Amino acid sequence: MAALDLLGRRWTLRVIWELHQHATPIGFRDLRRRCDDMSSSVLSTRLTELRESDIAAQTPDGAWQLTPLGGDLVTAMGPLSEWSRVWAERPG
């Protein structure tokens, strides 16, 4: 239930998605832009929560990336991603 609580928080999945899509560490400002300019405070809170959960980590230069556990999470979400693709393509 703790994982579902974390993943259900506003913007959490988007942050994970953007970190995954970028594939290399990304700075806070670039990540914020990729997340449709969400507020800095919300992004900071989500990144802190993801860091505390060992899903994301900060590099020595301050950029953000997924941890191996975060990569495993993205892999585990693969079936949901496929389901959502089918759902989005359904007729009317």
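In this predicted model, Leu-80 is found in helix α6, which spans residues 78–89. Together with Trp-83 and Trp-87, Leu-80 forms a nonpolar patch on the surface, and the three residues have about 380 Å² of accessible area together.

## Helix α4

Helix α4 runs over residues 40–52 and has 13 residues. From the first C-alpha to the last, α4 reaches 18 Å, close to the 18 Å expected at 1.5 Å a residue.

Which residues of α4 are buried? They are Leu-43, Arg-46, Leu-47, Glu-49 and Leu-50. Seen down the axis of α4, these buried residues fall within an arc of 160°, so they line one face of the helix. The spacing of such residues follows a general rule. An α-helix has 3.6 residues a turn, so residues three or four places apart point the same way. On the other side of α4, Ser-41 and Glu-52 are exposed.

The buried residues of α4 pack against three helices and two strands: α1 (2–7), α2 (12–22), α3 (28–34), β1 (56–58) and β2. After α4 comes Asp-54, whose phi is positive, near 65°.

## Helix α5 and the loop before it

Thr-67 has its place in the loop between β2 (64–66) and α5 (68–76). Is Thr-67 buried or exposed? Thr-67 is buried, because its relative accessible area is 9%, and buried means under 20%. Leaving aside its neighbours within four places in sequence, Thr-67 is in contact with Asp-54, Ile-55, Ala-56 and Ala-57. Asp-54 is thus named twice here: as a contact of Thr-67 and as the residue with positive phi that follows α4.

In α5, the buried residues are Gly-70, Leu-73 and Val-74. They cover an arc of only 100° around the axis, which puts them on the same side of α5. Pro-68, Asp-72, Thr-75 and Ala-76 are exposed on the other side of α5. The buried residues of α5 pack against α1, α2, β2 and α6. α1, α2 and β2 are also listed among the elements that the buried residues of α4 pack against.

## Salt bridges

How many salt bridges does the model have? The count comes to eight salt bridges. Three of them are listed below, with the distance between the closest N and O atoms or from N to O.

| Residue | Partner | Distance |
|---|---|---|
| Arg-9 | Asp-5 | 2.5 Å |
| Glu-49 | Arg-9 | 3.2 Å |
| Arg-14 | Asp-36 | 3.0 Å |

Arg-9 appears in two of these rows, with Asp-5 as one partner and Glu-49 as the other. At 29% relative accessibility, Arg-9 counts as partly exposed. Asp-5 counts as partly exposed too, at 42%. Glu-49, in contrast, counts as buried at 15% relative accessibility.

The salt bridge between Glu-49 and Arg-9 links distant parts of the chain: Glu-49 is in helix α4, Arg-9 is in the loop between α1 and α2, and the two are 40 residues apart.

Arg-14 and Asp-36 form a salt bridge that also links distant parts of the chain, with Arg-14 in helix α2 and Asp-36 in the loop between α3 and α4, 22 residues apart. Arg-14 is partly exposed, with a relative accessible area of 27%, whereas Asp-36 counts as exposed at 54%.

Some salt bridges share partners, and these join Asp-5, Arg-9, Arg-46 and Glu-49 into one network. Arg-46 and Glu-49 are among the buried residues of α4.

## Two further residues

Glu-18 is found in helix α2. Glu-18 is buried, with a relative accessible area of 9%. Apart from its neighbours within four places in sequence, Glu-18 is in contact with Leu-31, Arg-34 and Cys-35.

Pro-60 is found in the loop between β1 and β2. Why does Pro-60 count as exposed? Pro-60 counts as exposed because its relative accessibility is 92%, and exposed means over 50%. The C-alpha atoms of Pro-60 and Ile-16 are separated by 20 Å, and these two residues are 44 residues apart along the chain.

Note on methods. Residues numbered from 1 in each chain as written. Predicted model: local features only at pLDDT ≥ 70, side-chain atom pairs only at ≥ 80, totals over all residues. Heavy atoms only, no water. Patch = residues over 30% accessible without salt bridge, like charges linked within 9 Å, V, L, I, M, F, W, Y side chains within 5 Å. Areas by Shrake-Rupley, 256 points an atom, 1.4 Å probe, with all protein chains shown as cover. Salt bridge = Lys/Arg side-chain N within 4 Å of Asp/Glu carboxyl O. Helix = DSSP H or I, 4+ residues; strand = E, 2+ residues; numbered from the N terminus. Buried < 20%, exposed > 50% of the residue type's maximum accessible area, 1.4 Å probe, protein only. Contact = heavy atoms within 4.5 Å. Expected span 1.5 Å × (residues − 1). Arc of directions from axis to C-beta.
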